[in-house]
Amino acid sequence: MNIKILSANSHLYSTQRLVEAAKKRKHDVEVINHAKCDIVIEKKNPVIYYKGHKLDHTDAVIPRIGASVTFYGTAVVRQFEMMRVFTTTESQALVRSRDKLRSLQVLSRAGLGLPKTVFTNYSKNVKEIVDQAGGAPVIIKLLEGTQGIGVILAETRKAAESVIEAFNNLQARVIVQEFIKEAGGADIRAFIVDGQVVGAMKRQGKEGEFRSNLHRGGTATVIKLTDEEETAALKAAKAMGLGIAGVDMLQSARGPLILEVNSSPGLEGIEQATGKDIANSIIKYIERNV
């Protein structure tokens with residue numbers, strides 16, 4: 001098969017591993033910077049050009065779209081879909097997953113456990129917002145933040161109100177969530193490919209850090225999911241319409257609580273923690289569908 005990996009950086013671990021896995025299974029593979037693609041739209045003849053060359057004879061694409069270029073990256077994926085090329089992440093699912101608020105509404109509708117979340121249109125009544133989230137401490141998240149950036153733990157009511165007011169004055173959209181104390185600064189990442197959990201790890205924030213992101217210095221260890229956690233992860237990926245997903249969950253007294261469903265989960269942390277060849281699972285997923 002001819003596989004294109006849509007990635008702005010061919011040197012990233014995830015991109016390199018996907019190239020290795022595709023070559024190992026005897027496929028032709030090329031890394032394409034989606035930001036440098038030109039889209040040509042005309043009646044019944046969708047075309048993509050990359051560096052002056054027409055991209056045809058493509059069997060499948062693997063989108064690795066960064067959050068900062070979601071709009072254009074999604075347009076490129078949509079164009080490949082119009083060309084009847086299989087994509088491991090569909091354009092609509094990609095758009096849905098990048099909207100934190102919409103994602104939470106979709107997951108709520110699917111009956112999944114979530115931390116209690118409050119969102120308002122820059123409401124001046126910040127005391128009520130903190131109360132609605134269950135009172136201090138609360139987590140305040142920028143809707144546009146990634147990798148733990150723009151996530152704040154407000155330990156007191158006064159701190160929470162000050163932070164929310166500051167963001168409101170800056171016209172920055174935030175959500176306010178209850179703080180799950182029993183999670184102990186850790187979360188679970190379940191990696192899903194084609195309706196199967198192919199790896200799971202527990203990420204623990206470094207001492208004094210409530211965010212468990214590996215980019216923030218957290219550590220990862222392999223974990224065996226409970227039946228309830230596995231069911232929640234699979235249900236979350238399905239609700240979001242994602243064939244490949246990283247589902248982040250908190251362990252709480254009331255069961256697993258979904259934090260986020262990532263449509264371009266990194267391979268480095270999960271492969272190193274679990275020792276599993278996740279990239280190979282993704283290539284096999286393509287083979288089953290093309």
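**View 1. Lysine 4 and its partner glutamate 30.** Lysine 4 is buried, with a relative accessible area of 4% (buried means under 20%, exposed over 50%, partly exposed in between, with a 1.4 Å probe and protein chains only). Its partner, glutamate 30, is partly exposed at 35%. The two form a salt bridge whose closest N and O atoms are 3.6 Å apart; the term stands for a side-chain nitrogen of Lys or Arg within 4 Å of a carboxyl oxygen of Asp or Glu. This pair links distant parts of the chain, 26 residues apart: lysine 4 sits in strand E1 (residues 2-7) and glutamate 30 in strand E2 (residues 28-32). Strands (E, at least two residues) and helices (H or I, at least four) are DSSP runs, numbered from the N terminus.

This is a predicted model, in which local features need pLDDT of at least 70 and side-chain atom pairs 80 or more, while totals for chains, interfaces and linings use all residues. Residues are numbered from 1 along each chain as its sequence is written, and side-chain values use heavy atoms, without hydrogens and water.

**View 2. A pair within helix H1.** Arginine 17 and glutamate 20 form a salt bridge, with 3.1 Å between the closest N and O atoms. They are three residues apart in helix H1 (residues 13-24), so about one helical turn separates them. Arginine 17 is buried at 14%, whereas glutamate 20 is partly exposed at 46%. Both belong to a salt-bridge network with Glu271 and Asp277.

**View 3. Arginine 203 meets aspartate 187.** The closest N and O atoms of this salt bridge are 2.9 Å apart. Arginine 203 is buried at 7%, and aspartate 187 is buried at 6%.
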